[in-house]
Amino acid sequence: MPPMQHIILVEDDMSLAEWFSDYLTEHGYLVTLVNRGDLAIDLIASDKPDLVVLDIMLPVKDGFDVCREIRDFYSGPILMMTARDHEMDEILGLELGADDYVTKPVKPRVLLSRIKALFRRANIQSTPLTDDSNTLCFGEFAIDSHSRTTTLSDEVIAVSSNEFDVLWLLAQNANALVTRQDLVTELRGIEYDGFDRSVDIIISRLRKKLGDNATSPYRIKTVWGKGYLLAKDAWTK
């Protein structure tokens, strides 16, 4: 029998936290509750959970600060769950390293589906490969799905887990359109609703890290109204 996957749920509304905890426990997860941001950082560092569900409005230290600090040592999935539904909050959360973002009220079944989607992605990422066929090279750019590293002109480019997933999907389909629908489904495990900006934010960050032109991108091109395209022949100085 495989070990139970461990989730740390950071939520200061304890009645809500216990409700979600009971529901997730019924579905086979080990859930630890913590109600303060500062305590959550210490607990995540010591317990190394498989996934973190993180509220934003927390006592002592808010969820944005928690996300920022734990990303220095924690690479597992982070799902932000909050009553703050402003677009900029979602953008900030994703930019700080969250893997998904849901706004309250959240139905337990929806939360469970999001958690399962994040675990599926994490499992795919951790599956060992038997050869090096998953390295793609275009000029001075290389991306390796085995080591999850990206290099440009022999320099390692630091990218987040989400950024790597998007870049890998684009590289696998180099010189071909990858739609926003495909990218959102790959990244978040949900259908594209026409308003989700998470992929656009990630593309913007990738262009900056990969030396692309922000106003006239030539490495990761925008196909207006449809999606993005990684150009094969744009990776030489």
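These are my notebook entries on a few backbone features and one helix contact in this structure, which is a predicted model.

**Entry on a cis peptide bond.** I looked up the bond that joins Lys 104 and Pro 105 and found it to be cis, with an omega of about 0°. I then placed Pro 105 along the chain, and it sits in the loop that runs between β5 (100-103) and α5 (108-126).

**Entry on positive phi angles.** I noted that Lys 48, although it is not a glycine, has a positive phi of about 50°, and that this residue belongs to the loop between α2 (37-47) and β3 (51-54). Is Lys 48 buried or exposed? Its relative accessible area is 61%, and because exposed means over 50%, Lys 48 counts as exposed.

I made a similar note for Ser 153, which is not a glycine either and has a positive phi of about 55°; it lies in the loop between β8 (149-152) and β9 (155-156). Its relative accessibility is 22%, so Ser 153 is partly exposed.

**Entry on two helices.** I turned next to α6 (residues 161-172) and α7 (residues 180-188), which pack with their axes 10 Å apart and at an angle of about 140°. The two helices, α6 and α7, are therefore oblique to each other, and their crossing is right-handed. Which residues make the contact? From α6 I listed Asn 162, Val 166 and Leu 169, and from α7 Asp 182, Leu 183, Glu 186 and Leu 187. Sorting the residues of this contact by character, I recorded 4 nonpolar, 1 polar and 2 charged.

Terms used:
Residues are numbered from 1 along each chain as its sequence is written. This is a predicted model: local features need pLDDT of at least 70, side-chain atom pairs count only at pLDDT 80 or more; totals for chains, interfaces and linings use all residues. Side-chain values use heavy atoms; hydrogens and water are left out. Helices (H or I, at least four residues) and strands (E, at least two) are DSSP runs, numbered from the N terminus. Buried means under 20% relative accessible area, exposed over 50%, partly exposed in between (1.4 Å probe, protein chains only). Axes are lines fitted to C-alpha atoms, for helices over the stretch in contact, and angles run from 0 to 180 degrees between N-to-C directions. Angles under 35 degrees count as roughly parallel, over 145 as roughly antiparallel, 65 to 115 as roughly perpendicular and the rest as oblique. A crossing is left-handed if the near helix is turned anticlockwise from the far one by less than a right angle, and right-handed if clockwise. Contact means heavy atoms within 4.5 Å. Ala, Val, Leu, Ile, Met, Phe, Trp, Tyr, Cys and Pro count as nonpolar, Asp, Glu, Lys and Arg as charged, and the others, Gly among them, as polar.
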